[in-house]
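The exercises below invite you to read a structure step by step, each with a worked solution. Keep the sequence and the model side by side as you go.

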Amino acid sequence: MEAQSGSFFARNEFLIRRLHSLTGLVPVGAFMCVHLITNSSTLGGAEMFQKNVDLIHSLGPALPAVEWAFIFLPLIFHAVVGVWIIRSGESNYFTYNYVSNFRWWMQRVTAWIALFFILYHVFHMHGWFHTEWWLKNVANENTGGHLFKPEHATSSAAIALASPFKKLLYVVGVTACVFHLANGLWTLGITWGIWTSPAAQRRANYLCAAFGVGLLAVGLGSIVGVSKTNVAEAEAFENAQLETKAAAAKRAAELLKKESAKAVTPTATATKK
Amino acid sequence: MIQAASHDAPSSHDHAPPPATFTVRVLRQDAPDQPSYWEKHTIVRENDMNVISVLQRMAAQAETADGNPVTPVAWDCNCLEEVCGACTMLINGRTRQACSALVDKLLVDNPEGIELRPMSKFPVLRDLMVSRARLFRALQKAKAWIPVDGYYDLGSGPKQSPADQEVAYPLSECMSCGCCLEACPQYTKIELTKRDGETDAEFKARETSAYDGAFIGAHAISQVMLFNTHPTGKMNAGERLDALTAEGGIQVCGNAQNCVAVCPKHIPLTTSIARAGRATTLHSLKKFFDL
């Protein structure tokens, strides 16, 4: 080969493109499946969804690190490289109107929809950053950011998605993301050389389509679950749970106080001797 | 002529007899740095015409539909039986060979006439002639040959199994026409112009480096699989896979699969691409972990 030249990106194009393909599957795609399945538990009512959210938030102080390492950073990498990839090609669907060419084009269209939807969705629910200054000045009630409250999971989600416009936006966004993952799964199999012959690619295509339809049902189910939420009921349950927790914490403090009071006496006598 | 037309009207579609004359719109360009322009020609229909014979009639008439005298349209052709790839152009917007594009069939699909354009992914030299240098440079980059030259007789090579022959034969039918590249949404045009004071060698080097940085194309990926399947060619498989993982390599493929749909030789290009995807995956892992 000739002397290595060109930009870092050019020299490592193969590796970067393969990492782009891989991050689409894990962790980004895998996270999306977990995310949609978790959210579809809103169909089971406020208690079930709250339990799942509490489980995720039981990571406590580690949660932001997990979020950034396994969700945000891989997602940003996938998006940045993806935008570069989109800019490198030109659709010719209107000249060569084959199904696979249409899917090539749709993969790029859904990529743009997913990019803007996810940027908005993360701001809308999560707020992007959780520093005090940011939450006070940027992501707040007025700007419509950081609306999801983990301790009021179901009711805050239902309030955030109350407007029909928001619901429509989420339906479009989730559909685009699911198509992008299912179709991307199929092309990933070709890229890495898992399915090579036309027959194998056709069979893989059925599997990817079935996966996509299933995940879409789960995704849209989440939106239905949130929409069906009775906010007052959900809030009542969440408040009751918080009260139970607060009561438990208070009782724990009392017990601790008693224990330490008991513990003081024997030591005191011991020192006297 | 009208009598002949009605007599020879194709029986399979008897709704409309072929027209006595038809219009040909050609996108012409006098030189690489000149603007392109449309020109209209009226051609009298004859039996069994293909686009090559249409271009020959246009050269003989030497005038446009309006009666203006014009130079003949320049085009490339060679074998006239769809095995050389030289006469590839855009006929009614789609990439194909002029020799195998039959006029009567084209007029059934599009009774208004025929539209001819040069391929859009390669620099135009003149009219319908393009420079496919990038296509051939890709074959060079991929080392799409088997090196057997030497100072002494190497003896006979290993035998190729019939199963491998079955895989290899269709791939060997590639005629380097460029249809797969023309239809590929990831293969975008590169056209450089010589700078002031630049020598031919300097320009050529700049052009080669621009070609090498851009997508290598389905044809070259398929040729790598052809030579990597060959028992002797296999000995240099790694070098060819290195070319496929370099800048502009197989990773640029976006799986639109237009290449296989437009290939006039029906070469299983997407199978080659997926096989090359697997081979480059294993090759990179082997290199990275020094296996």
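**Exercise 1.** In this predicted model, find how far apart the C-alpha centres of domain 1 of chain A and domain 2 of chain A lie, and describe the contact between these domains.

*Solution.* Begin with the separation: the C-alpha centres of domain 1 of chain A and domain 2 of chain A are 41 Å apart. Next, place the domains on the sequence, where domain 1 of chain A spans 8-229 and domain 2 of chain A spans 230-273. The contact between them draws on 10 residues from domain 1 of chain A and nine residues from domain 2 of chain A. On the domain 1 side, helix 3 (46-57) and helix 7 (153-160) of chain A each supply at least two residues, and the largest share, four residues, comes from helix 7 of chain A. Sorted by class, that side of domain 1 of chain A holds three nonpolar, five polar and two charged residues.

**Exercise 2.** Carry out the corresponding reading for domain 1 and domain 2 of chain B.

*Solution.* Chain B is divided into domain 1 (2-126) and domain 2 (132-288), and their centres, taken over C-alpha atoms, are separated by 32 Å. To the contact, domain 1 of chain B gives 14 residues and domain 2 of chain B gives 16 residues. Within domain 1 of chain B, strand 4 (residues 94-97) gives the most to the side that touches domain 2, with three residues. By class, this side of domain 1 of chain B divides into five nonpolar, five polar and four charged residues.

**Exercise 3.** Which residues in helix 2 (residues 51-61) of chain B are buried, and why do they line one face of the helix?

*Solution.* The buried residues of this helix are B:Val51, B:Val54, B:Leu55 and B:Met58. Looking down the axis of helix 2 of chain B, one finds these buried residues within an arc of 95 degrees, so they line one face of the helix. What covers them includes strand 1 (21-29), strand 2 (36-44), strand 3 (88-91), helix 3 (103-109) and strand 5 (113-117) of chain B. Just after the helix, B:Ala62 takes a positive phi of about 55 degrees.

**Exercise 4.** Describe the side of chain A that touches chain B.

*Solution.* Start with the contact itself, in which 28 residues of chain A meet 29 residues of chain B. Helix 1 (8-11), helix 2 (13-40), helix 5 (99-126) and helix 8 (164-191) of chain A each supply at least two residues of this side, with the largest share, four residues, coming from helix 2 of chain A. By class, the side consists of 10 nonpolar, 13 polar and five charged residues.

Notes. Residues are numbered from 1 along each chain as its sequence is written. Chains are lettered from A and ligands numbered from 1 in the order in which they are written. This is a predicted model: local features need pLDDT of at least 70, side-chain atom pairs count only at pLDDT 80 or more; totals for chains, interfaces and linings use all residues. Two residues are in contact if their C-beta atoms, placed from the backbone, lie within 7 Å. Ala, Val, Leu, Ile, Met, Phe, Trp, Tyr, Cys and Pro count as nonpolar, Asp, Glu, Lys and Arg as charged, and the others, Gly among them, as polar. A residue is buried if 20 or more other C-beta atoms lie within 10 Å of its own, exposed if 12 or fewer, and partly exposed in between; C-beta atoms are placed from the backbone. The arc is that of the directions from the helix axis to the C-beta atoms. Domain bounds come from an automatic or database domain assignment.
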